[in-house]
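This report describes a protein model for a reader who is new to structural terms. Each term is explained where it is introduced.

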Amino acid sequence: MEAIILAGGFGTRLRPLTYTRAKSLLPIMNRPMITYLLDMLPEEVDTVVLAVNYRKKQIEEYFKSYDCGKDIIVNDEPTPLGTGGAVKFAQQHITDRFFVLNSDIICSLQLEKMILFHEKHRSASTISLWPVENVSEFGVVDVKEDGNIIRFVEKPRPEDAPSNLINAGAYLLEPFVLDYIQPDKLISMEKEIFPQIIKDTKRFYGYQFQGYWMDIGRISSYLQVHEMLLDKNNMSQMIGTNCKIHGRVDRCILGNNVFIGKGSMVTSSVVFDDAVIEEDVHMDRCVIGSQSTIGNSTRLHNVVVGDHEVLSSESSYENKPIWTQQIPEGYPQKQIGNVIGE
Ligand code: GTP
């Protein structure tokens, strides 16, 4: 059985971190986001098709030394084809029923149980569902008691929402679904293909699971997922190897070789490998890119600093992404594909 992992997005809402790296390789608790998905795959899955485009070389390189026990196919799209187009582009590798997984989710979904649910309902397409409070930011499903989905309602007002359940980014599809997708076109699975399958087959089901789910789309959710995982693992922080900490660190994730100078106070933040936080820095709810330097006595709150940036001493920033280098060629100015708003 195959699983297609959609890992070709630009991750524009996570810029500047995604100016230099594939979103699916962003560290979550010091290991690439995509490895959490690979850990989730059931035994039935023997082949993983990585649907890539932006920063595909990084992904390819990573998988040269990472063995997840499955065959890995790196399927490079000539141009970004969106979630639907990327699935179609992987068609040649699909032999039967298959999974499609967004690479940016961290969750407790058990795919074995999803297969059983799919079989029980003789479903054409089964999607994972997760309940949310803020329905007006998402596509919400109109779903019957047995899980049969009748329609999607995009960003409804709370009073108009048919449920509080949203697409959680994992699909189990019968191969004929591929016939619905035109080749070589930018197509959204969620917006263009799923409604058509609901209409034609009436065998479109939603599988609601328990536990936890987070979509790592924005910086706020990137920080939030770390808080969740620290709590879940009963940890107050995570420190990589060879860090030198002369100040105070609380509820942080530090990569390897991070330096924290005397008098500095770093709270609720994620600091990537080889970053230097000099002396008397106060920093809260920040993400600091790899090999960046934060100068003495700087004050940062809710700031994302890209890789290889240098902030001079006594800087002060709040609610701001920091990037002073060139933006990579072809990187879009705003979201493409499934625009869900900032
Ligand atoms: P934003 O630009 O911030 O919206 O992020 P994104 O580009 O990752 O888009 P989104 O969060 O909607 O993508 C959901 C999943 O689909 C992610 O795992 C993406 O990597 C993946 N994805 C989005 N667009 C494409 C695409 O054109 N090709 C491929 N292969 N994957 C895609």
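Two strands are said to pair if DSSP finds at least two bridges between them. Helices (H or I, at least four residues) and strands (E, at least two) are DSSP runs, numbered from the N terminus. The model is predicted, so local features need pLDDT of at least 70 and side-chain atom pairs count only at pLDDT 80 or more, while totals for chains, interfaces and linings use all residues. Residues are numbered from 1 along each chain as its sequence is written, and side-chain values use heavy atoms, with hydrogens and water left out.

**A parallel sheet**

Strand S24 (residues 293-294) runs parallel to S26, and two bridges join them. Within this pair, Thr-293 has Val-310 of S26 as its bridge partner. Both strands belong to an open sheet of five strands with parallel pairing, in the order S15-S18-S21-S24-S26. Strand S15 (244-245) and strand S26 (310-311) stand at the edges with a single partner strand each, so one side of each has no neighbour in the sheet. In general, strands of a sheet pair through backbone hydrogen bonds, either parallel or antiparallel.

**The protein as a whole**

The protein contains seven helices and 27 strands. Its radius of gyration, taken over C-alpha atoms, is 21 Å. The globule rule (2.2 Å times the number of residues to the power 0.38) gives 20 Å for 342 residues, so the protein is as compact as a globular protein of that length. Along the principal axes, the C-alpha atoms fill a box of roughly 65 × 45 × 35 Å.

Contact means heavy atoms within 4.5 Å. Of the contacts with a separation of 6 or more, 54% are between residues 24 or more positions apart. The accessible surface (Shrake-Rupley method, 1.4 Å probe) comes to about 15500 Å², and carbon and sulfur atoms hold 45% of this surface.

**Buried and exposed residues**

A residue is buried under 20% relative accessible area, exposed over 50%, and partly exposed in between (1.4 Å probe, protein chains only). By this definition, 54% of the 342 residues count as buried. In helix H2 (residues 33-40), seven of the eight residues are buried, so the helix is largely enclosed by the rest of the structure. The buried residues of H2 are Met-33, Ile-34, Thr-35, Tyr-36, Leu-37, Leu-38 and Met-40.

Arg-151 lies in strand S10 (residues 149-154) and is partly exposed, at 41% relative accessibility. Beyond its neighbours within four places in sequence, Arg-151 is in contact with Val-140, Val-141, Asp-142, Pro-162 and Ile-198. Ala-168 is 17 residues away from Arg-151 along the chain, and their C-alpha atoms are 15 Å apart.

**Backbone details in loops**

Neither Arg-122 nor Asn-242 is a glycine, yet each has a positive phi. The table lists their values.

| Residue | Phi | Relative accessible area | Loop between |
|---|---|---|---|
| Arg-122 | about 45° | 67% (exposed) | helix H5 (111-120) and strand S8 (125-131) |
| Asn-242 | about 60° | 52% (exposed) | strand S14 (238-239) and S15 |

A further loop, between strand S1 (2-6) and helix H1 (17-20), holds Pro-16. The peptide bond from Arg-15 to Pro-16 is cis, with omega near 5°.
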